[in-house]
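Biologist: Before any term is accepted, I should like to hear the reasoning behind it. May we go through the structure together?

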Protein chains: 2
Amino acid sequence: MSIFLELIPVSEAEEILRKIAPLMGEEAVALSEAYDRVLFRPAAAAEDIPGFTRSVVDGYAVRAADTVGAGEALPAMLTITGRVGMGDGDAGQVAPGECRYVPTGAVIPEGADAVAMIEYAEESGDDLLVYRAVAPGENLTLRGDDFRNGDVIFPAGRRLSPRDLGVLGALGITTVPVCRRPVTGIISTGNELISPDQTPGPGEIRDVNTYLCYGYAQTRGTIPRVYGIIPDERGPLEKAIRQAVAECDLVCISGGSSKGERDMCAAILADLGTVHAHGIALAPGKPTIIGTIDNVPVLGLPGHPASAYVVMVALADVLIAAMTGCEVTRITVPARCAAPVPSTRGREDYVRVRLEGRDAYPLFGKSGLTNTLIESSGLLRVPDGREGYEKGAEVEVILW
Amino acid sequence: MSIFLELIPVSEAEEILRKIAPLMGEEAVALSEAYDRVLFRPAAAAEDIPGFTRSVVDGYAVRAADTVGAGEALPAMLTITGRVGMGDGDAGQVAPGECRYVPTGAVIPEGADAVAMIEYAEESGDDLLVYRAVAPGENLTLRGDDFRNGDVIFPAGRRLSPRDLGVLGALGITTVPVCRRPVTGIISTGNELISPDQTPGPGEIRDVNTYLCYGYAQTRGTIPRVYGIIPDERGPLEKAIRQAVAECDLVCISGGSSKGERDMCAAILADLGTVHAHGIALAPGKPTIIGTIDNVPVLGLPGHPASAYVVMVALADVLIAAMTGCEVTRITVPARCAAPVPSTRGREDYVRVRLEGRDAYPLFGKSGLTNTLIESSGLLRVPDGREGYEKGAEVEVILW
């Protein structure tokens with residue numbers, strides 16, 4: 001009496017998602033807006049960086065050979081012929097027996113091949129006493145040491161970190177070619193649902209999934225667009241789906257935790273487009289639907305919030321990454337099962353776990369409860385070839 | 001010939017930062033804007049959630065006692081007296097020998113104490129054959145199972161995740177009391193610096209720190225405000241600092257990698273306000289300055305981008321967390337040193353490392369280079385009581 005005619009493995013669902021994912025186009029954003037965006041094309045250095053040999057300390061540009069043998073007892077004596085200022089383009093020359101003061105970051109004069117730190121030197125009129133020998137190249141950053149002209153610094157598909165922004169600045173890339181952010185349409189269905197700003201009457205509960213999907217869509221670099229709570233009726237649901245598909249790049253419909261609702265959602269998808277999968281060997285998340293309408297991917301998520309969220313992490317992540325040309329980024333930490341985690345061979349389980357130090361405590365909440373979503377640190381994935389984990393097993397936890 | 005009169009330990013710098021941190025006030029934001037914001041006050045449940053006992057499956061609400069002994073060979077036979085719809089407030093009653101159809105999430109009729117799944121039941125006219133006994137409470141979510149009236153669900157200081165947004169929706173909290181986002185003023189100093197949209201001439205380099213700080217400020221939930229590149233001259237720098245302090249909640253000044261520049265920045269801070277620390281036993285980051293002007297914290301960061309970023313992670317994180325009433329959140333993963341990491345006892349070292357599986361490779365770039373910022377996975381902290389780590393040592397890496 002199985003509800004689902006066919007459960008497909010998660011790997012097959014992922015393959016479908018990558019196949020139906022429409023690649024977002026390119027847009028240009030200012031560097032200040034580029035954080036967490038995905039590079040659309042590689043970023044390369046258009047010149048050597050730095051463009052000149054610099055001092056990395058405050059000190060005196062010297063010819064290293066002039067300091068050979070210098071020490072506390074017998075300092076080398078050089079003639080100070082000038083001082084280089086920050087940003088000076090012409091640092092002059094250092095001939096044998098000469099030196100010039102250079103602050104950190106300044107250009108090294110021609111002829112000099114090292115810098116003696118001020119900590120080990122002493123001015124005496126126009127003379128400098130150097131108390132420590134320096135080797136050729138010491139305290140220098142050479143032209144091109146950071147990045148070389150033509151080097152590809154970031155590949156396409158890179159999700160830009162704050163540090164990347166600084167380096168893009170160094171490269172002179174102030175208009176950044178990034179992948180357009182997908183618009184995620186969010187539909188919640190269920191006759192029992194009311195808006196969170198209302199007080200539930202008998203039999204009613206507040207809609208959790210709209211804001212759950214909203215926050216999820218934001219964290220994944222997409223733009224959430226809310227279509228509200230739609231009753232479980234063919235007409236309104238079909239209308240909402242048509243509108244969302246026309247306005248969005250992907251659509252997440254949550255709800256339909258009862259068989260009738262699920263069937264209606266799948267039927268609408270089949271009528272308006274194509275159902276690629278209905279029923280996935282994934283727990284929670286078995287009743288998930290994958291469809292497309294006019295090439296717009298549509299995910300039918302379970303109604304239970306915790307299940308819906310797990311499906312987004314397990315599957316929508318794959319879809320969104322493919323749409324934006326990047327990899328799914330998951331932070332995992334090694335942990336030890338603090339209790340047995342049973343599972344059924346032939347399906348992939350995502351168990352919410354709470355980390356306490358190295359110990360991962362599985363949280364087996366009743367279906368439909370949301371408290372495990374906020375008490376857990378992340379997910380323990382049990383691959384479909386395993387019958388769970390024993391207490392003490394070494395595992396990897398995917399952090400939320 | 002030490003430049004710094006006094007280096008204070010990192011722990012003391014942290015204490016200073018927590019003491020000078022002005023706590024941001026409260027503001028109310030819509031739930032859709034609350035992702036990654038910090039709760040200003042605790043969020044509690046104002047009623048039991050769910051507000052009624054619900055079915056977690058599609059099935060038939062029964063009295064468990066009526067199914068005792070039921071099995072494939074000898075099913076229990078009950079009379080179907082109705083069907084409960086989703087959102088129905090009145091689910092009716094189930095008397096002994098009776099049952100009612102309930103979809104997932106619907107109200108359980110009075111008198112019923114369990115639900116028999118449709119998978120193990122069969123309708124025959126008005127009769128239902130139940131092929132498997134159910135225990136009292138089976139397949140039910142009880143009123144208050146998720147959250148109980150009065151329970152504090154989130155403490156003040158919670159940084160809101162996407163999952164938290166869903167749960168706030170469940171609690172009916174659609175206007176969220178959050179901590180106001182600090183405005184971070186960003187000043188880059190240096191005569192050698194040019195804007196990233198310009199081409200460097202001899203002796204010039206593009207400003208990296210503005211966008212590095214910009215991205216950093218964004219990731220820490222603050223609002224970056226850029227004051228541009230200021231030359232190393234007392235007048236313009238003082239003017240920029242005055243303006244930034246008047247308009248921002250904290251100010252980060254980067255640059256001043258040469259002694260003269262550092263001294264000028266510290267002198268301006270001392271004239272306009274108070275210098276709490278100048279010189280910290282931290283590498284990189286020794287020349288860091290901590291000051292306040294009109295109760296606005298001002299951080300003087302090193303000019304080298306990698307050093308500046310490390311100081312932001314090591315110290316500005318502490319300041320911003322204290323200003324927003326939350327904890328510093330760091331994701332750490334265990335790793336093994338793939339090479340020796342030397343350090344000096346008496347200072348705290350933050351070494352950039354690249355993770356390859358479990359192995360952490362220290363990246364010892366020359367000072368002033370930025371490539372280690374994008375090639376590293378995070379930081380290995382060497383506490384001031386240690387002389388580094390040997391190859392193979394078990395360590396924790398702070399992910400960027």
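Modeller: We may begin with overall shape, bearing in mind that the model is predicted. A compact globule of 400 residues would have a radius of gyration near 21 Å, whereas chain A has 31 Å. The C-alpha trace of chain A spans about 95 × 50 × 40 Å along its principal axes.

Biologist: What makes up chain A in terms of secondary structure and domains?

Modeller: Chain A has 7 helices and 26 strands. Its division is into domain 1 (10-24 + 181-323), domain 2 (28-49 + 151-179), domain 3 (54-141) and domain 4 (332-399). The C-alpha centres of domain 2 and domain 4 of chain A are 37 Å apart.

Biologist: How do contacts in chain A span the sequence?

Modeller: Taking contacts between residues at least 6 apart in sequence, 69% join residues at least 24 apart.

Biologist: Why is the relation between chain A and chain B called a two-fold axis?

Modeller: A turn of 180° with a shift of 0.0 Å along the axis lays chain A on chain B, with an RMSD of 0.0 Å. That is the relation of a two-fold axis, hence the name. In chain A, the C-alpha nearest the axis belongs to A:Val333, 3.0 Å from it. The same surface serves both copies, as 100% of the contact residues of chain A recur in chain B.

Biologist: How many residues does each chain give to the contact?

Modeller: Chain A gives 82 residues and chain B gives 82 residues. Among the elements of chain A that give two or more residues to this side are α2 (162-171), α3 (209-219), α6 (305-323) and β22 (332-337). The residues of the side of chain A that touches chain B divide into 34 nonpolar, 31 polar and 17 charged.

Biologist: What makes α3(A) a mostly covered helix?

Modeller: A residue is buried if 20 or more other C-beta atoms lie within 10 Å of its own. In α3(A), 9 of the 11 residues are buried, so the helix is mostly covered. Among the buried ones are A:Asn209, A:Tyr211, A:Cys213 and A:Ala217. The buried residues of α3(A) pack against β13 (183-189), β16 (223-230), β17 (250-254) and α6 of chain A, together with α2 (162-170) of chain B. Just after α3(A), A:Gly221 takes a positive phi of about 75°.

Biologist: Which residues have the most contacts inside the largest nonpolar core?

Modeller: They are A:Leu168, A:Val251, B:Leu168 and B:Val251, in a core of 188 residues. Leaving aside neighbours within four places in sequence, B:Leu168 is in contact with A:Tyr211, B:Leu31, B:Ala34, B:Ala43, B:Ile173 and B:Val176. In soluble globular proteins, nonpolar side chains tend to be buried together.

Biologist: How do you know whether B:Pro136 is buried or exposed?

Modeller: The cut-off for an exposed residue is 12 or fewer C-beta neighbours within 10 Å. B:Pro136 has 10 inside 10 Å, and therefore counts as exposed. B:Pro136 is found in the loop between β9 (127-130) and β10 (140-141) of chain B. Apart from its neighbours within four places in sequence, B:Pro136 is in contact with B:Ala64, B:Asp113 and B:Ala114.

Biologist: How far apart are B:Pro136 and B:Phe154 in sequence and in space?

Modeller: They are 18 residues apart in sequence and 32 Å apart in space, C-alpha to C-alpha.

Conventions
Residues are numbered from 1 along each chain as its sequence is written. Chains are lettered from A and ligands numbered from 1 in the order in which they are written. This is a predicted model: local features need pLDDT of at least 70, side-chain atom pairs count only at pLDDT 80 or more; totals for chains, interfaces and linings use all residues. Two residues are in contact if their C-beta atoms, placed from the backbone, lie within 7 Å. Helices (H or I, at least four residues) and strands (E, at least two) are DSSP runs, numbered from the N terminus. Ala, Val, Leu, Ile, Met, Phe, Trp, Tyr, Cys and Pro count as nonpolar, Asp, Glu, Lys and Arg as charged, and the others, Gly among them, as polar. Copies are superposed by least squares on the C-alpha atoms of residues with pLDDT of at least 70 in both. A nonpolar core is a set of buried Ala, Val, Leu, Ile, Met, Phe, Trp, Tyr and Cys residues joined through C-beta atoms within 7 Å. The radius of gyration is taken over C-alpha atoms; the globule rule is 2.2 Å times the number of residues to the power 0.38. Domain bounds come from an automatic or database domain assignment.
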